[in-house]
Amino acid sequence: MTGILGGNPKEEPMHYGEIFNVWSASMAAKGTVSCYRAYLNHAGDHDLKKVLGSLIDQAELEISECDKLLEDNGIASAPILPHRPEVKLEDIPVGARFTDPEIAAKIAAENAVGLVACSQAMGQSIREDIGTLFAKYHATKASLGLRILHINKKKGWLIPPPLQVKRPEPVKA
């Protein structure tokens, strides 16, 4: 006979860390959808819009899967945020408009934070299905991160940290 944590992982109870991680991932994804839809209104670059679309699609998948997991375990998820209306880029005043490099930098930073959050959730999970779910999200975010990096480099938007171009000569003692 197996204990409460044996057998089918989907029949095991979630511990508080798993609940918090799944709920937080859903809430973050809901914020991502809302914010990135607004970024779509501001973005002018075609490649950037495609990446934003992929990020929104991924966030919607995460919302669906995380909310289902919460529901299956009797836990309420955070509410969905209101849908943003579409606007034309020209209708946004220049001083209020996010530029493409600003959007690209923000989505790169947020994607990196998402990678860390997925790693933490994977490490805290004792239910294999939850750890696997966050491993899947991590792999997708890693792939999207490479696309974002490529766009930032290609478009000249990447602002690198200080680079060590010239290395000091070693001192012989």
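## Exercises on a four-helix model

M14 counts as buried, because its relative accessibility is 11% and buried means under 20% relative accessible area, exposed over 50% and partly exposed in between (1.4 Å probe, protein chains only). The structure is a predicted model, in which local features need pLDDT of at least 70 and side-chain atom pairs count only at pLDDT 80 or more, while totals for chains, interfaces and linings use all residues. Residues are numbered from 1 along each chain as its sequence is written, and side-chain values use heavy atoms, with hydrogens and water left out.

**Exercise 1. Describe the order of the elements in the protein.**

Step one is to count the elements: the protein has four helices and zero strands, where helices (H or I, at least four residues) and strands (E, at least two) are DSSP runs numbered from the N terminus. Step two is to read them in order, which gives α-α-α-α from the N terminus on.

**Exercise 2. Set the radius of gyration of the protein beside that of a compact globule of 173 residues.**

Begin with the rule, which is 2.2 Å times the number of residues to the power 0.38, with the radius of gyration taken over C-alpha atoms. For a compact globule of 173 residues this would be near 16 Å, but the protein has 20 Å. Then turn to the extent of the C-alpha trace, which spans about 65 × 65 × 20 Å along its principal axes. Finally, consider burial, since buried residues make up 32% of the 173 residues.

**Exercise 3. Work out where M14 lies and which residues M14 touches.**

First, place M14 in the segment before α1. Next, list its contacts (heavy atoms within 4.5 Å): leaving aside residues up to four places away in sequence, M14 touches I19, V22, L69, N73, I75, R127 and I130. Last, take a distance through space: M14 and I63, which are 49 residues apart in sequence, are 18 Å apart from C-alpha to C-alpha.

**Exercise 4. Treat the acidic residues D45 and E62 in the same way, giving the place of each.**

Start with D45, which sits in the loop between α1 (16-42) and α2 (46-72). D45 counts as buried, because its relative accessibility is 14%, and beyond four places in sequence D45 touches D100, K155 and W157. Continue with E62, which belongs to helix α2. E62 is also classed as buried, because its relative accessibility is 5%, and among residues more than four places away its partners are A29, D67, Y137 and K141.

**Exercise 5. Is T132 buried or exposed?**

Locate T132 in helix α4 (residues 128-155), and then read its relative accessible area, which is 52%, so that T132 is exposed. To finish, compare chain and space: T132 and A142 are 10 residues apart along the chain, and their C-alpha atoms are separated by 15 Å.

**Exercise 6. Why does C35 form no bond with C118?**

Recall that a disulfide is a covalent bond between the sulfur atoms of two cysteines. In this model a disulfide is a pair of cysteine sulfur atoms within 2.5 Å, and a search of the whole structure finds zero of them. The sulfur of C35 has its closest cysteine sulfur in C118, but the distance is 18 Å, so the two are too far apart for a bond. For C118 itself the closest cysteine sulfur is in C66, at 8.8 Å, which is again too far for a bond. As a last step, classify both: C35 is partly exposed, with a relative accessible area of 26%, whereas C118 is buried, with 4%.
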